[in-house]
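Look through the structure below from one part of the chain to the next. The text after it takes a helix and its end as a starting point, then moves on to sheets, cores and cysteines.

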Amino acid sequence: MDRIRRDRGQGAALAATVERLRGELAAERGGRRGRAAVEQAKGLLAERLGCGVDTAYDHLLGLAADTGVEPATAAALLLGTDPGPYSPPEPARPPDTVFAPATYLSPSAGAVPPPRAASPPAGPARRAAAVTPGTTAPDPDPALGTTLPDVKVPGGTVLGGTVPGGTVSGGTGSEGMGGSEALASRVASPGTGAADPGPDAGTWLRAALDVMQDPGAYLTPVRAVTGEVADFRVEAVNAGAADLVGRRSEDLVGARLLEHHPGAAVSEPFDDYVRVLETGVPLRRGPGETAGAAGRGGSARLSVRASRAGPGVLVGWRFHDDTADLAAQLARAQRLGNLGWGRWDLATGGARWSGQLYEILGRERAAGPLPLERLADHVLPEDLPHAEHLMRTLLAHREPADLELRVRAGDAVRHVRLMGEPVLDPLGEPVAVHIVFQDVSQRRRCDEMLAATRRQLMRQRRRIAEERHIAVELQRAILPLPRGPRTLPGLRAAVRYLPAQSETRVGGDWYEATALSDDEVFLAIGDVSGHGLPAAAGMARMRNALSGLTCTGAAPDRLLTWLNRLLLDRHRALTASVIAARYEPGPRVLTWAQAGHPPPLLLRGGRAEMLDAPEGVLLGALDAPYMELAITRLQRGDLLLFYTDGLVERRGRDLADGFRLLRETVEERSDAEPDAVIDHVLRSLGAANPDDDTCVLAVQVT
């Protein structure tokens, strides 16, 4: 019976575990679908709105907040896919929990592990332990003697341990390479610094050299008959020293210092090593220029550390080449790029910041880095949902994240891009968070200025389009264009009007071809200065005024004088060029005058010539201009071509060339009807002018 109960209990526990795992799997699948939908919706919004992905995501979050659903649900609705069962959005989190790791790490998975205590040394054979800077060295073994203080060596390694029966003094971290003296003390016998190093001195010496991250060597003196030090013998080197001089370590061991580096005999290093050996005072020199250092050609900047160790000298040195400036170069890159980084340990709660991050967040360096939870103090409340998305992606989904937040830096508000990734342990659980911050405020200001400029251009474009539409409609209403040729007393007439290719260049070109009676036809063509709606409105006034003045029966020169006075009195800002003509079909006489307008072209007998223009200046230019009257007698079959300057003027082409091309083109169709002549001229001269509109009036004497 007990066994049955036990089996049932185990079965129930197994079923509960299976259900829990199914729930977690379903939640994970739903989360992945939601994240995929959000990414697709961001791309869709970015394309439709013509904005960046970050702006599109902000818009998506706004839609979700307005509709009261999760961003994933809003994304699914936007894409037209199944949003799944409705679940109301979670209430807004308190600001102090947005960046708290415990908010996103469940107790069963991904919980923040407690700090781990340091383990003791493995046994008496462990003489030195390399531990991370800032942590506590392992407890000493009482059988080994006195505790050796932590000593910083090149590269930042901290050495801790004990010295057999004696004590030593450790170097400071600021001295960079001060660990050579402490290492040398390990091979010294108790009480004295120059006695026999003891039976395990070789082991200590090899260990000391191997843990040095910079080049190092152990030298013993070679004495002359007088007892003075004449040279040093290389007893041991580490791999760094062997690499620097270009020879293998076994080739260096046993070599004489002055044989390989004879310059040392007359330079400071040799004398310094002798002084260290005889006095026991450690050497700390540099960085400074040294000629022929360690086998390098030329001079080099290096630092040298040396300390007496038993019967010899333990030497270490460091070259200060370009790689030594890496930290300075990195700091410069962070400053120029407005980049800073921070790392938060989830186990200890400790934080490390780069110097530039203090500048970005407007925090004093003396105050130290902020805990992760306190970052919410700098984020604007409106952007806390974005910050929550960042932390959820990093800690709950264990994925990198990249987004932008607005943060307070003192009295200023900055746009800061955050690029983060979780640091995972071997089991895939987050143990730290690394985030790079970039101040993109200047870029956002530029984006805002560009967006404002773009909106202004759009408004300007809409206004111009509206003006163009109104101007075109006004032209069509006032300036009707007949289909096909028109028959007038004694004339056959055809007309074409071509607006400028540019949408902003609707001009004020116009024409008039009206039978005043059976015995007279009034012909006119003109061009009002400017473009757009003002030019179209001015064209309407000019044409209507001239049409009304013709009823007076006055000659064309008189009509233009009156029209000039009208412009000066009513529209002083406008100028215009005009040709006005009266044609009498009986005697076939054309009486005409012009005001600053290109002369008409006469085609007679297959030959085209420009008529000699009477004197006249642009309307609106002078108060009382002199207008001369011209009389031209025509013949049956003659064709007169009136036109505006848009027909012959082109950017980059001389006006005389335009007149020549016009004559040649008209002569090519000397036997054609007026309609055909105009069409051929427009095709040959390039149709519509890109900068100005064109009006052409052709009349043929019948």
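Gly80 comes just after helix H3 and takes a positive phi of about 80 degrees. This is a value from a predicted model. Helix H3 covers residues 71–79, and its residues Thr73, Ala74, Ala75 and Ala76 are buried. Another glycine appears in a comparable place: Gly686 follows H18 and has a positive phi near 100 degrees.

Now take the chain as a whole. The chain contains 18 helices and 24 strands. Of its 702 residues, 41% count as buried. The chain exposes about 36,300 Å², and carbon and sulfur atoms supply 53% of that area. Among contacts between residues at least 6 apart in sequence, 58% join residues at least 24 apart.

Two of the sheets can be followed strand by strand. Strands of a sheet pair through backbone hydrogen bonds, either parallel or antiparallel. One open sheet has 6 strands in the order E14-E15-E24-E23-E20-E21, and the pairing is antiparallel. Strand E14 (486–488) and strand E21 (607–610) stand at the edges with a single partner strand each, so one side of each has no neighbour in the sheet. From one strand to the next, the twist averages 25 degrees. Within this sheet, strand E23 (residues 639–643) and strand E24 (residues 694–701) run antiparallel and are joined by 5 bridges. Leu639 has Gln700 in E24 as its bridge partner.

Helices pack against this sheet. Helix H17 (residues 655–668) lies across strand E20 (601–604), E21 and E23, and runs at about 150 degrees to E21. Helix H18 (residues 674–684) touches strand E15 (491–498), E23 and E24, and its direction makes about 30 degrees with that of E15. Which residues of H18 are buried? They are Pro674, Asp675, Val677, Ile678, His680, Val681 and Leu682. Their cover includes E15, E23, H17 and E24.

A further open sheet has 5 strands, ordered E16-E17-E18-E19-E22, with antiparallel pairing. Its edge strands, E16 (508–517) and E22 (630–633), each pair on one side only. Here the twist averages 15 degrees from one strand to the next. Strand E19 (residues 589–595) pairs with E22 in the antiparallel sense over 4 bridges, and the partner of Trp592 in E22 is Ala630. Helix H15 (residues 533–549) packs on this sheet, touching E16, strand E17 (520–528) and strand E18 (576–584); the direction of H15 makes about 20 degrees with that of E16. Helix H16 (residues 556–570) lies across E17, E18 and E19 and runs at about 150 degrees to E18.

Next, the nonpolar cores. The largest nonpolar core has 47 residues, and those with the most contacts inside it are Trp510, Leu523 and Met542. Leaving aside neighbours within four places in sequence, the residues in contact with Trp510 include Leu479, Ile525, Met539, Met542, Val578 and Cys695. A second, separate core has 31 residues, among them Phe99, Leu105, Val433 and Phe437.

Finally, the cysteines. A disulfide is a covalent bond between the sulfur atoms of two cysteines. To be counted here, a pair of cysteine sulfur atoms must lie within 2.5 Å, and by this rule the count comes to 0 disulfides. Is Cys551 buried or exposed? Cys551 is exposed, with a relative accessible area of 69%, whereas Cys695 is buried, at 0%.

Definitions and conventions: Residues are numbered from 1 along each chain as its sequence is written. This is a predicted model: local features need pLDDT of at least 70, side-chain atom pairs count only at pLDDT 80 or more; totals for chains, interfaces and linings use all residues. Side-chain values use heavy atoms; hydrogens and water are left out. Buried means under 20% relative accessible area, exposed over 50%, partly exposed in between (1.4 Å probe, protein chains only). Two strands pair if DSSP finds at least two bridges between them. Helices (H or I, at least four residues) and strands (E, at least two) are DSSP runs, numbered from the N terminus. Axes are lines fitted to C-alpha atoms, for helices over the stretch in contact, and angles run from 0 to 180 degrees between N-to-C directions. Contact means heavy atoms within 4.5 Å. Accessible areas come from the Shrake-Rupley method with a 1.4 Å probe; for residues, only the protein chains shown count as cover. A nonpolar core is a set of buried Ala, Val, Leu, Ile, Met, Phe, Trp, Tyr and Cys residues joined through side-chain atoms within 4.5 Å.
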